[in-house]
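User: Please take a close look at the sheet in this protein, and describe how its strands are arranged and paired. I would also like to see that part set against the chain as a whole.

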Amino acid sequence: MQRASSTDRTVLGPLPDEALGLAVLLRAWRARVGHRLGLGKPLPQVEVAAGIGMSERWYRDLERGAVPRMDARTLAALADALRLCADERATLFLYAAGGELFPAVSPDDVDLAPLRRLVDLQPTRPAYLTDNAWNVLAHNEAMAEWFPWVRLPGANLIRWGLTDPEAREQMGDWPRHGRAYLAMLRYAMAQYPGHPELGEILRTALADPACRRIWDDGPVVIAHRDGHTFHLTIPRFAPHTVDVVAQVLNPVGYPGLRLTFLDVLREPCADAGRPHRPLDG
């Protein structure tokens, strides 16, 4: 899997600025609160402003794209007024801070040998290491057995999950996965504003009609998929499906990198009428 060239990015065109940034999220969150309260319309701007002790004009400017300096109290009050979940609160704070406070390390500038050894120490369950743009930096043999594409130059998890036809065949309920991957991309772009590779992945995804439909359904942000369970249909277990859970770890000394381990929850079962038995461990 090759990364897109600069020529590819030009052909794909600019990012949809009207669907990115804090302003569009604030409008969507305010509309959601109004729906949850049964108002039949977005929560009025004046009520949001009152809830955080600011003027209606101040909040209106915020939804128009202004990003004034906001202290922790103001941010927390705004998050409470809009009833944000943990990932959404983190996104709000990221935009206010101008991105991640701890810049991601460059894989070229640090010694990844300890993390690669940790990946290799997993003899049976798939394990892999990715950077802040989900490029696969290391993987064990189990991961390559399940997903041979990780061996290819430029292997990238999110690009594969969103644009490769194989991913849509192997992931049960792919639209749900596509929505999650796009939501993680949105969160990552708040973490690392202007990151060229994240932008390229989003451009490539939005050129696909299925991804574009999901994106246009409305803004969603997800920080990670730690603990997420899903079904896979892959050659390793063909013709049956397997249930797995993803465990994601962030090494403290390597900001921006992710260690991911896949655990099998239920073994493939040839008899659909027989209950699955959880595997040990």
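Analyst: What follows describes the sheet, then the chain around it, and ends with one loop residue.

The model is a predicted one, and its sheet is open, with five strands that lie in the order 2-1-5-4-3 and pair in the antiparallel sense. At the edges of this sheet are strand 2 (136-139) and strand 3 (229-232), each of which pairs on one side only. From one strand to the next, the twist averages 30°. In general, strands of a sheet pair through backbone hydrogen bonds, in either a parallel or an antiparallel manner.

One pairing can be followed in detail: strand 1, residues 127-130, runs antiparallel to strand 5, residues 258-266, and the two are joined over four bridges. Within this part of the sheet, Thr130 stands opposite Arg258 of strand 5.

As for the setting, the protein chain holds 13 helices along with five strands, and 47% of its 281 residues are buried. Of the contacts in the chain with a separation of 6 or more, 55% are between residues 24 or more positions apart. The accessible surface of the chain comes to about 14200 Å², and carbon and sulfur atoms account for 53% of that area.

Turning to the loop residue, Gly65 sits between helix 4 (56-63) and helix 5 (72-81), and it counts as partly exposed because its relative accessibility is 42%. Although Gly65 and Gly21 are 44 residues apart in sequence, their C-alpha atoms are 8.0 Å apart in space.

Methods. Residues numbered from 1 in each chain as written. Predicted model: local features only at pLDDT ≥ 70, side-chain atom pairs only at ≥ 80, totals over all residues. Heavy atoms only, no water. Buried < 20%, exposed > 50% of the residue type's maximum accessible area, 1.4 Å probe, protein only. Contact = heavy atoms within 4.5 Å. Areas by Shrake-Rupley, 256 points an atom, 1.4 Å probe, with all protein chains shown as cover. Pairing = 2+ DSSP bridges. Axes fitted to C-alpha atoms, helices over the stretch in contact; angles between N-to-C directions.
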